[in-house]
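Colleague: Thanks for sitting down with me over this one. Could you walk me through it, a question at a time?

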Amino acid sequence: MSAIEFTLTSQTPFLSASLPAAFEQPSTESSVLAAHHEKVPRLSRSIASPVARLKLLAELSGGASNGKLNSLLPQLLAKIRQLMTSDFAILGISRSDDLQVQITAFDAADGIAPHRESIESLAKLLWEHALSDGKCWIGSSEEPGLNSAADGEEMAIPSLNSCVLPLIARDRILGILALGKRDSAYAQDELDYLGQVSNQVAVLIENNFLHAELQKLKEEFGECAPHVEDELPNESRFEEIVGRSPALQRVLRQVEVVAPTDSGVLIQGETGTGKELIARAIHNLSGRLDRPFVKVNCAAIPSGLLESELFGHEKGAFTGAVMRKPGRFEVADKGTLFLDEVGDIPLELQSKLLRVLQEREFERLGSTRTQQVDVRVIAATHRDLKQMVEEGTFRSDLYYRLHVFPLTVPPLRDRREDIPLIVRHFVDKYAKRMNRCIETIPAKTMEVFTSYSWPGNIRELQNLIERAVILSPGISLRAPLEELKQEMTTPASGTNLSTLEEMEREHVLRALRESNWVTGGPNGAAARLGMKRTTLAYRIRKLKIPCRPQ
C-alpha cells in the first residue's frame, strides 16, 4: 500500500467517528463548554496525526537515506514513538550471522529512565518473538527495569502492550522495530502504518549495508583512476574473456591493434589459458566477422588424416574416400581458420601449409587442380616453436611465416587479481545452467583459489567451479578445497628416494604432457620415449596413468 493510499483509508473512518462526537448537542451549557475544551485539542492532535505520519513516510522513501545511519536512526525512532503515542521504542539491528541483535536506538517518554541492562533484556525478548515466525507480534510483556527519572525509585510496570515488527529485506530479518505503551493496545490502523514504516526502515538499513560492503570491496581491490579506465579495452567487445589485470589488458590491446588487419597471428601460452577465446576475439573485431570462423585441433587428428582434413580430397583419393570432400581451408574461404596446436603438424605436411599461407593456393588430395582461397590463419600452440626449429622438428620458414604477430597469453598464476572475477563468472554460468541460486562465495574459499598455482590454468578452475556448483545445494558455494590444499602443501621434491616404478610413471607422464597427451605420430609421447605406441599403451595401463584430463 502506498503512502497516499494509507492516508485516504486511515483518515476517513477517523473523521467520520470523531467529528459527530465533537459537535453533538449537550444537555446543559456547562457540559457544552466542558466538551469543547476537552475534545477540540484532542481532535486537533488527531487530525494532525495522519499528516505527520504521511510526512514521515515521505521522508523515509525520499531523502532520509542521505544522512549517516547512526545519527539518523535515533531521530527517526523518536518521531515514530511520538506519532504512535508510545511509552518506549526500540530499534535493533542484527549485523552478523549469529542471530544476535544489537540495540541501535532507544527512545522513551518523559519520566522514564531505563537501565541499559533492562533495555538489552527487553530487546532480546522482543527479538526472539520476531525470529519465531518473521511476522508482526502483538502481546504483553513485563519489564520491571524502567525507572522514574523524578525520584530515582524503580517503577514496576506489570504489563506493557507491545508490538514487534521485523525489519525484512530480501527475505532476511535485519532487525526489529518494537514499541510499547501502558494504557491500551495498538489499533489495526496503527499496526498497518507501522508495517509500512518498518518496510521503509528495512530498505534504509539494507542500502546502508550494501554501501558499506561496496566500500569494503573498493578498499580491498582498489579503484582505478578515471583516465586509466578510459584506456582499458571495451569489455563488451571480448565475449567470455573475464579479467582486468594489467597482463591481460596488454594482450587485449594487442588484439585490438592486429584485429582490423588481415595479418596472421601466432598465439602462444600454456594449455588452458584461453587461446581460442583470443582467436575468436580477433575474428570478431576484424572485417571478416560475418564470415565463417573454422577451428581445427591439429593434435586431435591422426597425422594420416590431417592433410585430408585441412585441404580436402577427391573421390577415390584413398581407401574409404567414396565422395569428394572440401577441406577446412575451403570451408573458411573469406573467413578465419584457427589452427590450434600447430606445433603438432607433421613435418612432411608443413611445406604444404607454408605454400597455402604464402601463395593462398593448394590442391586437394588426389587432385591436380589448384584451388584459390582467401583465408586469415590464426595459429596457437603451447609448445616452444623456436626450440623445435633448433631441434629440426619444425620448419624454420613456416615458423617465421606464422610468427608475424605473436601474442602470449599469460597463465592464471600471473593474473591472480582476475581469479575472483573469473570464479564469479563461472559460478553464475553453471548455477544458471543447473537452476541453482548461489549468492555468496566464502572468503576462505576465495583465499584458497587465489593462493593456488593452477597448473591447468582457467580450464582447471572452470572444471573445479562446475563441480563446486554441483556440490552446493544452498546459496553459498561449497568448493572441494581439500585437494587444492593437499597439492599446495605437497613439497616439490622430497628427501626420500622414489621407487623405480614411481620414477618411470613420472617420466611417462612428463612425455604425455609435453606431447599434449598424443601417443602416436612423430611428435607423440611414444616417439619421445623411444618405444612403440602399443608398448606405451601397455605401460600406461600398468602404471595406472589416468586418461587425458579435460
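Modeller: Gladly, and please keep in mind that this is a predicted model. Let me begin with a charged pair, E504 and R539, whose side chains meet in a salt bridge at 2.5 Å, N to O.

Colleague: Which helices does the pair of E504 and R539 link?

Modeller: The two residues are 35 residues apart and link distant parts of the chain. E504 sits in the helix spanning residues 500–514, and R539 in the one spanning residues 533–542. The helices are α18 and α20.

Colleague: Is R539 buried or exposed?

Modeller: Buried means under 20% relative accessible area. Its partner E504, at 28%, is partly exposed. R539 has 16% relative accessibility, so R539 counts as buried.

Colleague: Helix α18 caught my eye. Which residue of α18 meets R528 in a salt bridge?

Modeller: R528 belongs to helix α19, residues 525–529, and its partner in α18 is 14 residues away. R528 is partly exposed at 38% relative accessibility, and the partner is partly exposed too, at 35%. The N to O distance is 3.5 Å, and the partner is E514.

Colleague: What is the distance between the closest N and O atoms of E270 and R413?

Modeller: This salt bridge ties together two loops: E270 lies between β8 (265–268) and α8 (275–284), while R413 lies between β16 (406–408) and α14 (419–433). The two residues are 143 residues apart in the chain. Their closest N and O atoms are 2.4 Å apart.

Colleague: Are E270 and R413 buried, partly exposed or exposed?

Modeller: The class between buried and exposed runs from 20% to 50% relative accessible area. E270 is at 29%, and R413 is at 34%. Each of them therefore counts as partly exposed.

Colleague: How many salt bridges does the structure hold?

Modeller: Side chains of opposite charge can pair when their charged atoms come close. Some of these pairs join up here, as D262, R288, R360 and D374 are linked in a network of salt bridges. For the structure, the count of salt bridges is 25.

Colleague: Now for helix packing. How are α9 and α11 oriented towards one another?

Modeller: Two packed helices are described by the angle between their axes and the distance between the axes. For α9 (residues 303–311) and α11 (residues 347–359), the axes come within 11 Å and cross at roughly 15°. Angles under 35 degrees count as roughly parallel, so α9 is roughly parallel to α11. The crossing of these two helices is left-handed.

Colleague: How many of the residues in the contact of α9 with α11 are nonpolar?

Modeller: On the α9 side the contact uses L306, E307, L310 and F311, and on the α11 side L349, K352, L353 and V356. Two of these residues are charged and none is polar. The nonpolar residues number six.

Colleague: And α14 with α16: is that pair parallel or oblique?

Modeller: Helix α16 covers residues 457–470, and its axis is 9 Å from that of α14, at an angle of about 45°. The crossing is right-handed. That angle makes α14 oblique to α16.

Colleague: How many nonpolar residues does the contact of α14 with α16 have?

Modeller: From α14 come I422, V423, F426, V427, K429, Y430 and A431, which meet I458, L461, Q462, I465, E466 and V469 of α16. One residue of this contact is polar and two are charged. The nonpolar residues number 10.

Colleague: Let's turn to the backbone. Where does K334, with its positive phi, lie?

Modeller: K334 has a phi of about 70° although it is not a glycine. At 39% relative accessible area, K334 is partly exposed. K334 lies in the loop between α10 (328–331) and β12 (336–340).

Colleague: Is N435 buried or exposed?

Modeller: N435 is not a glycine either, and its phi is positive, about 55°. N435 is found in the loop between α14 and α15 (443–451). With 72% relative accessibility, N435 counts as exposed.

Colleague: Last one, on the whole chain. What percentage of the residues is buried?

Modeller: The chain has 20 helices and 16 strands. Among contacts between residues at least 6 apart in sequence, 66% join residues at least 24 apart. Of the 550 residues, the buried share is 41%.

Technical notes. Residues numbered from 1 in each chain as written. Predicted model: local features only at pLDDT ≥ 70, side-chain atom pairs only at ≥ 80, totals over all residues. Heavy atoms only, no water. Axes fitted to C-alpha atoms, helices over the stretch in contact; angles between N-to-C directions. Helix = DSSP H or I, 4+ residues; strand = E, 2+ residues; numbered from the N terminus. Parallel < 35°, antiparallel > 145°, perpendicular 65-115°, else oblique. Left-handed = near helix turned anticlockwise from the far one by under 90°. Contact = heavy atoms within 4.5 Å. Nonpolar A, V, L, I, M, F, W, Y, C, P; charged D, E, K, R; others polar. Salt bridge = Lys/Arg side-chain N within 4 Å of Asp/Glu carboxyl O. Buried < 20%, exposed > 50% of the residue type's maximum accessible area, 1.4 Å probe, protein only.
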